[in-house]
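Dear colleague,

I am handing over the structure we spoke about, and I would be glad if you could look through it with the notes underneath at hand.

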Amino acid sequence: GLPVAPCACASQIGSGALPVDTLPSAGLRIAAPDPEALAARFRALPRPILGRIRDGALLLDLRCLEDEEGFLAALP
């Protein structure tokens with residue numbers, strides 16, 4: 001029972017010491033009392049889901065999501 005909302009975000013591209021370029025993307029913003037704990041629970045799933053903490057919420061960037069059904073099935 002956590003609030004989830006679509007949101008615009010920017011995805012970092014590139015790698016190495018200084019990936020500074022971004023692409024516009026879409027994501028899901030999950031508001032939670034303890035977003036760090038929520039992120040840890042997502043990472044601990046059999047098929048880990050990685051996100052980032054931004055503005056007090058867990059943000060899941062959907063830019064590289066290829067298996068929507070697998071993503072939804074992995075959610076607790």
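What follows goes through the strands, one residue of a strand, the largest pocket and one residue of a helix.

Please keep in mind throughout that this is a predicted model.

I begin with the strands. Strand S1, which covers residues 4-12, pairs with strand S2, residues 22-31, in the antiparallel sense, and nine bridges are found between them. Within this pairing, Cys7 stands opposite Gly27 of S2. S2 also pairs with strand S4, which covers residues 57-61, again in the antiparallel sense and over five bridges. Here Leu28 has Leu60 in S4 as its bridge partner.

One residue of S1 that may interest you is Ser11. Is Ser11 buried or exposed? Its relative accessible area is 3%, and because buried means under 20%, Ser11 counts as buried. The side chain of Ser11 makes a polar contact of 3.2 Å with the side chain of Arg63. If the neighbours within four places in sequence are left aside, Ser11 is in contact with Asp21, Thr22, Leu23, Ser25 and, besides these, Asp61 and Arg63.

Next comes the open space. The largest pocket holds about 520 Å³ of space, and of the 23 residues that line it, Ile49, Leu50, Asp61, Cys64 and Leu65 are the closest to its centre. Which strands and which helix each supply at least two residues of this lining? They are S1, strand S3 (52-54) and S4, together with helix H2 (68-74). By character, the lining of the largest pocket divides into 11 nonpolar, five polar and seven charged residues.

Helix H2 also contains Ala74, the last residue I would point out. With a relative accessible area of 18%, Ala74 is buried as well, because the cut-off for that word is under 20%. Apart from neighbours within four places in sequence, Ala74 is in contact with Leu45, Arg47 and Ile49, and Ile49 is also one of the residues closest to the centre of the largest pocket. Along the chain, Ala74 and Phe42 are 32 residues apart, and in the model their C-alpha atoms are separated by 9.0 Å.

With best wishes

Key. Residues numbered from 1 in each chain as written. Predicted model: local features only at pLDDT ≥ 70, side-chain atom pairs only at ≥ 80, totals over all residues. Heavy atoms only, no water. Pairing = 2+ DSSP bridges. Helix = DSSP H or I, 4+ residues; strand = E, 2+ residues; numbered from the N terminus. Buried < 20%, exposed > 50% of the residue type's maximum accessible area, 1.4 Å probe, protein only. Polar contact = N/O pair within 3.5 Å; in protein donor to acceptor, adjacent residues only side chain to side chain. Contact = heavy atoms within 4.5 Å. 1 Å grid on protein atoms, 1.4 Å probe; cavity = no way out; pocket = protein on both sides within 12 Å on 5 of 7 lines; lining within 4 Å. Points joined across faces, edges and corners; volume = space filled by probe spheres on them. Nonpolar A, V, L, I, M, F, W, Y, C, P; charged D, E, K, R; others polar.
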